[in-house]
Structure formats: C-alpha cells, structure tokens
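I opened this model to take notes on its helices, its cores and its charged pairs. The entries below follow the order in which I looked things up.

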Amino acid sequence: MKILVVDDDRLMLEAISHSLKKDGYDVVIAQDGYEALSIIDKDKVDLIISDVMMPNISGLGLLSLLKQFYFNNIPVIIISSLAKADMVLHSIGLGAVDFIRKPINFKKLLSLIKKHKK
C-alpha cells in the first residue's frame, strides 16, 4: 500500500514516514498541496495523510481539488493541531475519511490506515 504524506513541517514528515515504513508501508512525501498533486498525477497512491495548515494549497484546498478531479477515489486522513469541531466537520464534509489531532498518536494513525485500506 502506497501512502502519500503531506506536511510542510519536515520533522513531522520524517516522523510519520518513519513510523509508516516501520509498519511496512510504501511512503511518498510532499511538503505542500502542489507537490502532492504532482505526485498523484504521476503515481498511484492508495491513501493520503495531509496536514491542514500549509503554504500554497492547504490540506482543505487539496481535499477540494481531490473531490473535484479525483472524485474522492483516494481516501484522505487529515491531521491538524486545529482540532475544533467545525474544522473536523468541514474536513469530513470536503471528503476526508478521518481526522487525527496533532501531536499524533501513531497507534491510532495506524489503526485509521488499516480501517480505510482498500
């Protein structure tokens, strides 16, 4: 299973990537929404984990574009420290399959990935 992790925080990218690779997942990383879209256009990705607050295209902007052009065929788990109810509901409304709060509980993240595995 190939997972795309999108976050502008390099340390967060490395932490998530390391955890997922340790669990046997193929991981690709992007530091913003544009880079993520470029990867999705070139490569098959089975699941996306994306932060909300990023330069250029935010995680919610990425969700909107995925909904519009990819018809929500790629499950997206949103991660954010902004875990207010309206942010969670807005993310789900845009097509996210789940939302996880930062700092990330990696056990919970792995459980969500298994839950949304195609």
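## Notebook: helices, cores and charged pairs

I began at the start of α1, where a side-chain oxygen of Asp9 comes to within 2.9 Å of the backbone nitrogen of Leu11. I note at once that this is a predicted model, and I read every value below as computed from it.

I then checked the length of α1, which runs over residues 10–22: at 1.5 Å a residue its 13 residues should span 18 Å, and I find its end C-alpha atoms 18 Å apart, which agrees. Just past this helix I noted Gly24, which follows α1 and has a positive phi, near 95°.

Next I asked which residues of α1 are buried. I list Met12, Leu13, Ile16, Ser17, Ser19 and Leu20. Looking down the axis of α1, I see these buried residues fall within an arc of 165°, so they line one face of the helix. On the other side of α1 I find Leu11, His18 and Lys22 exposed. For the packing partners of the buried residues of α1, I recorded the strands β1 (2–6), β2 (26–30), β3 (47–51) and β4 (76–80), together with the helix α5 (106–115).

I repeated the exercise on α2, where the buried residues are Gly33, Ala36, Leu37, Ile39 and Ile40. These cover an arc of only 160° around the axis, which puts them on the same side of α2. Tyr34, Asp41 and Lys42 are exposed on the other side of α2. At the N-terminal end of α2 I find Asp32 as the cap, with a side-chain oxygen 3.0 Å from the backbone nitrogen of Tyr34.

**Cores.** I turned to the nonpolar side chains, which in soluble globular proteins tend to be buried together. The largest nonpolar core has 24 residues, and I noted Leu4, Val6, Ile48, Leu62, Leu63 and Ile78 as those with the most contacts inside it. The elements giving two or more residues to this core are β1, β2, α2 (33–42), α3 (59–70) and β4. I also recorded a second, separate core of 18 residues, which includes Ile16, Tyr25, Ile104 and Ile113.

I followed Leu4 further and, leaving aside neighbours within four places in sequence, found it in contact with residues including Val28, Ala36, Ile40, Val45 and Ile48. For comparison I looked up Ile3, whose place is in strand β1. Ile3 is buried, with a relative accessible area of 0%. With neighbours within four places again set aside, the contacts of Ile3 include Leu20, Tyr25, Val27, Ile49 and Ile113. Val45 is also in contact with Ile3, and the C-alpha atoms of the two are separated by 6.0 Å although they are 42 residues apart along the chain.

**Charged pairs.** How many salt bridges does a search of the whole structure find? I count 8 salt bridges from that search. In one of them the side chains of Asp26 and Lys2 meet at 3.9 Å, N to O. Asp26 lies in strand β2 and Lys2 in strand β1, so the pair ties together parts that are 24 residues apart in sequence. I checked both partners for exposure: Asp26 counts as partly exposed at 41% relative accessibility, whereas Lys2 is buried at 17%.

A further pair is Lys114 with Asp23, whose side chains meet in a salt bridge at 3.7 Å, N to O. This pair links distant parts of the chain, with Lys114 in helix α5 and Asp23 in the loop between α1 and β2, 91 residues apart. Asp23 counts as partly exposed, at 37% relative accessibility.

I then examined Lys102 and Asp51, which form a salt bridge with the closest N and O atoms 3.4 Å apart. Lys102 lies in the loop between β5 (98–101) and α5 and Asp51 in strand β3, so the pair ties together parts that are 51 residues apart in sequence. Is this pair buried or exposed? I find that Lys102 is buried, and so is Asp51. As a last entry on salt bridges, I noted that those sharing partners join Lys2, Asp26 and Asp43 into one network.

I closed with the surroundings of Asp51, which counts as buried at 5% relative accessibility. Not counting residues up to four places away in sequence, Asp51 touches Val6, Asp7, Asp8, Gly59, Ile79, Ser80 and Lys102.

Definitions and conventions
Residues are numbered from 1 along each chain as its sequence is written. This is a predicted model: local features need pLDDT of at least 70, side-chain atom pairs count only at pLDDT 80 or more; totals for chains, interfaces and linings use all residues. Side-chain values use heavy atoms; hydrogens and water are left out. Helices (H or I, at least four residues) and strands (E, at least two) are DSSP runs, numbered from the N terminus. The expected span of a helix is 1.5 Å times one less than its number of residues. Buried means under 20% relative accessible area, exposed over 50%, partly exposed in between (1.4 Å probe, protein chains only). The arc is that of the directions from the helix axis to the C-beta atoms. Contact means heavy atoms within 4.5 Å. A polar contact is a pair of N or O atoms within 3.5 Å; within protein, one must be able to donate a hydrogen and the other to accept it, and residues adjacent in sequence count only if both atoms are side-chain atoms. A nonpolar core is a set of buried Ala, Val, Leu, Ile, Met, Phe, Trp, Tyr and Cys residues joined through side-chain atoms within 4.5 Å. A salt bridge is a side-chain nitrogen of Lys or Arg within 4 Å of a carboxyl oxygen of Asp or Glu.
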